[in-house]
Amino acid sequence: MKIQLEDGLPIVSVSLGYKGKIIILDDVLLDTGCSNTIFDTDEVEGVGLIIDRKNGSPRRMYGVGGESELCYEQNVKELEIDNFRLGSFQLQLGITKETYGFNGILGVDFMIKSGLVIDFNEKAVFRK
């Protein structure tokens, strides 16, 4: 994964695979200050990743300044983010593009589960 610094923020493009379908998401924030991974509902709908009201639950996502946005947290199976297979992964779906300008945010939960190493000198992310 190559990192582009935009206004000082690390932005990546990722492939998102779900149940055999794959899309490319540009403008994804690599956020070491965010505990959870979230994707914009409109952007991931194309691979069939939709809010599961039966098995998920609504949550509040808090950002800098304490403002909160409503999102939906659910466990997803068969998820792959940039060739990192996540057999079962809890993520959030919400409105990130309109609110923040990102198609998604990769949080610390994904970084830990994937064993990612962020190299800002090389502007790259790789698996240890």
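Helices here are DSSP runs of H or I with at least four residues, strands are DSSP runs of E with at least two, and both are numbered from the N terminus. The structure on screen is a predicted model.

**Stop 1: the turn at Lys19**

Select Lys19, in the loop between S2 and S3. What is phi of Lys19? The angle is near 50 degrees, a positive value in a residue that is not glycine. Two residues separate the strands in this hairpin of S2 and S3. Lys19 is exposed, because its relative accessible area of 54% is over the 50% cut-off.

Now widen the selection to both arms. S2 covers residues 9–18 and S3 covers residues 21–30; the two run antiparallel and are joined by seven bridges. For a reference position across this pairing, show Ile11, which stands opposite Leu29 in S3.

**Stop 2: from S3 across to S8**

Keep S3 and add S8. Do S3 and S8 run parallel or antiparallel? They run parallel, with three bridges between them. Here Val28 stands opposite Gly104 in S8.

**Stop 3: Asn103**

Step back along the chain to Asn103, in the loop that leads from helix H2 (97–100) to strand S8 (104–106). Is Asn103 buried or exposed? Asn103 is buried, since its relative accessible area is 6% and buried means under 20%.

Display the side chain of Asn103: it reaches the backbone oxygen of Asp26 at 2.5 Å. Next, select what surrounds Asn103. Not counting residues up to four places away in sequence, Asn103 touches Leu25, Asp26, Asp27, Val28, Phe39, Asp40, Glu43, Thr96 and Lys97. One of these, Val28, was already met opposite Gly104 in S8.

**Stop 4: the phenylalanine cluster**

Select Phe84, Phe89 and Phe110, which form one aromatic cluster. How many aromatic pairs does the count give? With ring centres required to lie within 6.5 Å, the count comes to two.

Take Phe84 and Phe110 to begin with. Their ring centres are 5.9 Å apart and their planes stand at 80 degrees, so this pair is edge-to-face; the cut-off for that class is over 60 degrees. Phe84 belongs to strand S7 (residues 84–94) and Phe110 to helix H3 (residues 108–114), so the contact ties together parts 26 residues apart in sequence. Phe84 is buried at a relative accessible area of 9%, and Phe110 counts as buried at 0%.

The other pair is Phe89 with Phe110. Here the ring centres lie 6.4 Å apart with the planes at 80 degrees, so this pair is edge-to-face too. Phe89 is in strand S7 and Phe110 is in helix H3, so this pair ties together parts that are 21 residues apart in sequence. Phe89 is buried, with a relative accessible area of 4%.

**Stop 5: Arg53 and Tyr72**

Select Arg53 and Tyr72 together. Where does Arg53 lie? Arg53 is over the face of Tyr72, at 5.8 Å from the ring centre.

**Stop 6: two cysteines**

Select Cys34 and Cys71. How many disulfides does the count give? The count comes to zero. For Cys34, the nearest cysteine sulfur is that of Cys71, 9.3 Å away, and Cys34 is in no disulfide. A disulfide would need the sulfur atoms within 2.5 Å. Cys71 is likewise in no disulfide, its nearest cysteine sulfur being that of Cys34. Cys34 counts as buried at 15% relative accessibility, and Cys71 is buried at 3%.

**Stop 7: strand S1 and the loop after it**

Finish with Leu5, in strand S1 (residues 4–6). At 46% relative accessibility, Leu5 counts as partly exposed. Add Lys123: it is 118 residues from Leu5 along the chain, with 8.3 Å between their C-alpha atoms. Leaving aside neighbours within four places in sequence, which residues is Leu5 in contact with? They are Pro10 and Lys123.

The last selection is Asp7, in the loop between S1 and S2. Asp7 is not a glycine, yet has a positive phi of about 55 degrees. Asp7 is exposed, with a relative accessible area of 83%.

How values were computed. Residues numbered from 1 in each chain as written. Predicted model: local features only at pLDDT ≥ 70, side-chain atom pairs only at ≥ 80, totals over all residues. Heavy atoms only, no water. Phe/Tyr/Trp six-rings, centres within 6.5 Å; stacked < 30°, edge-to-face > 60°. Buried < 20%, exposed > 50% of the residue type's maximum accessible area, 1.4 Å probe, protein only. Lys NZ or Arg CZ within 6 Å of the ring centre and 35° of its normal. Polar contact = N/O pair within 3.5 Å; in protein donor to acceptor, adjacent residues only side chain to side chain. Contact = heavy atoms within 4.5 Å. Pairing = 2+ DSSP bridges.
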